[in-house]
Amino acid sequence: MSSVCQYFGNNATRTIPSSNCIDNGVDNKKLEKNVDPQIKETECSSTKSISATELAAARAEIWVLSKNLTDAQISIENLESFLKCIIDKQSELLSELYALKRINSELQEESRMQHDYHSVERNSIKSELRNIKTLLSSRAALLEEARMKNGELQNAVQDANEKIYVINMKFLKLKSTRSRQCSERSGSIPSSEPSQ
């Protein structure tokens, strides 16, 4: 390769033969159909004076170019396969992303339903607690009223007992006075009989 480069560097002003006069692996029959015969003759006659070294150098250059073309084609094929792998991986990731989005939407819907259910249940519990508080307050008021009535009844019973006690005392006093009067009367009647 270095000798070929040196040769081309030293012979930069050389004439390069046309593709139809050099055997470079290209199908010359197809090229000859599209080339004018007069142009073909002038090109070949102008390049007949090229030496074998120049011909070999041209063939080497053509071989290097064809090798570079093959390497470039291989690189393109590798890049295409790599791009295909990237596209496949991207489609796989997109499918996973869509699946995760679907799962996320389902979980969000389930969370929303549970939140609504818990909100309804919380409101129901709050309503029950309010009803229980109202019932307790009403029962406490009734209990306080019953206690007040019970106190009034106890006071009334105590007053009645006191009145009964006073009446009994009066009755006993009256009874004792009557019995005393009766005994006095009965004592005065026998003493008056002998004098008669």
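Q: Is aspartate 71 buried, partly exposed or exposed?
A: In this predicted model, aspartate 71 has a relative accessible area of 33%. Buried would need under 20%, and exposed over 50%. The value falls in between, so aspartate 71 is partly exposed.

Q: Which residue meets the side chain of aspartate 71 in a salt bridge?
A: The partner lies in helix 4, as aspartate 71 does. The two are four residues apart, about one turn of the helix. At 40% relative accessibility, the partner counts as partly exposed. N and O come to 3.3 Å, and the residue is lysine 67.

Q: How far apart are the closest N and O atoms of arginine 112 and glutamate 109?
A: Both residues lie in helix 4, three residues apart, about one turn of the helix. Arginine 112 is partly exposed at 42% relative accessibility, and glutamate 109 is partly exposed at 37%. Their side chains form a salt bridge, for which the cut-off is 4 Å. The closest N and O atoms are apart by 2.4 Å.

Q: Why are lysine 149 and glutamate 145 separated by about one helical turn, and in which helix?
A: Lysine 149 forms a salt bridge with glutamate 145, with the closest N and O atoms 3.7 Å apart. Lysine 149 is partly exposed at 47% relative accessibility. Glutamate 145 is also partly exposed, at 39%. The separation is about one turn because they sit four residues apart in helix 4.

Q: Which residues do salt bridges with shared partners join into one network?
A: Lysine 149 and glutamate 145, just discussed, are separated by about one helical turn. Elsewhere, salt bridges that share partners make one network, formed by Glu109, Arg112 and Asp116.

Q: How many salt bridges does a search of the whole structure find?
A: Among them are the pair of lysine 67 with aspartate 71 and the pair of arginine 112 with glutamate 109. Lysine 149 with glutamate 145 is another. The count for the whole structure is six.

Q: Which residue offers the backbone oxygen that the side chain of serine 138 reaches?
A: Serine 138 lies in helix 4. At 32% relative accessibility, serine 138 counts as partly exposed. Its side chain comes to 2.6 Å from the backbone oxygen of leucine 135.

Q: What is the accessible area of the nonpolar surface patch that includes Leu172?
A: Leucine 172 is placed in helix 4, residues 52-192. It is partly exposed at 49% relative accessible area, so it passes the patch cut-off of over 30%. The other members are Tyr165, Val166, Met169 and Phe171. Together the patch has about 520 Å².

Q: What pattern does the protein chain follow along the sequence?
A: The chain has four helices. It has zero strands. Read along the sequence, the pattern is α-α-α-α.

Q: What share of the accessible surface belongs to carbon and sulfur atoms?
A: Of the 196 residues in the chain, 7% count as buried. The accessible surface comes to about 17000 Å². The carbon and sulfur share is 59%.

Q: Of the contacts between residues at least 6 apart in sequence, what share joins residues at least 24 apart?
A: A contact here requires heavy atoms within 4.5 Å. Pairs at least 24 apart in sequence make up a share of 71%.

Q: Which helix has the lowest confidence?
A: The chain averages a pLDDT of 79, and 70% of the residues score at least 70. Helix 4 has the highest mean, at 90. The lowest mean is 44, for residues 2-10, which form helix 1.

Q: Over which residues does pLDDT stay under 50?
A: The model has 33 contacts beyond four places in sequence for this stretch. Where pLDDT is low, the predicted coordinates should not be read in detail. The stretch is residues 1-28.

Conventions: Residues are numbered from 1 along each chain as its sequence is written. This is a predicted model: local features need pLDDT of at least 70, side-chain atom pairs count only at pLDDT 80 or more; totals for chains, interfaces and linings use all residues. Side-chain values use heavy atoms; hydrogens and water are left out. Buried means under 20% relative accessible area, exposed over 50%, partly exposed in between (1.4 Å probe, protein chains only). Accessible areas come from the Shrake-Rupley method with a 1.4 Å probe; for residues, only the protein chains shown count as cover. Patches are made of residues with over 30% relative accessible area and no salt bridge: like charges are joined within 9 Å, nonpolar side chains (Val, Leu, Ile, Met, Phe, Trp, Tyr) within 5 Å. pLDDT is the predictor's confidence in each residue, from 0 to 100. A polar contact is a pair of N or O atoms within 3.5 Å; within protein, one must be able to donate a hydrogen and the other to accept it, and residues adjacent in sequence count only if both atoms are side-chain atoms.
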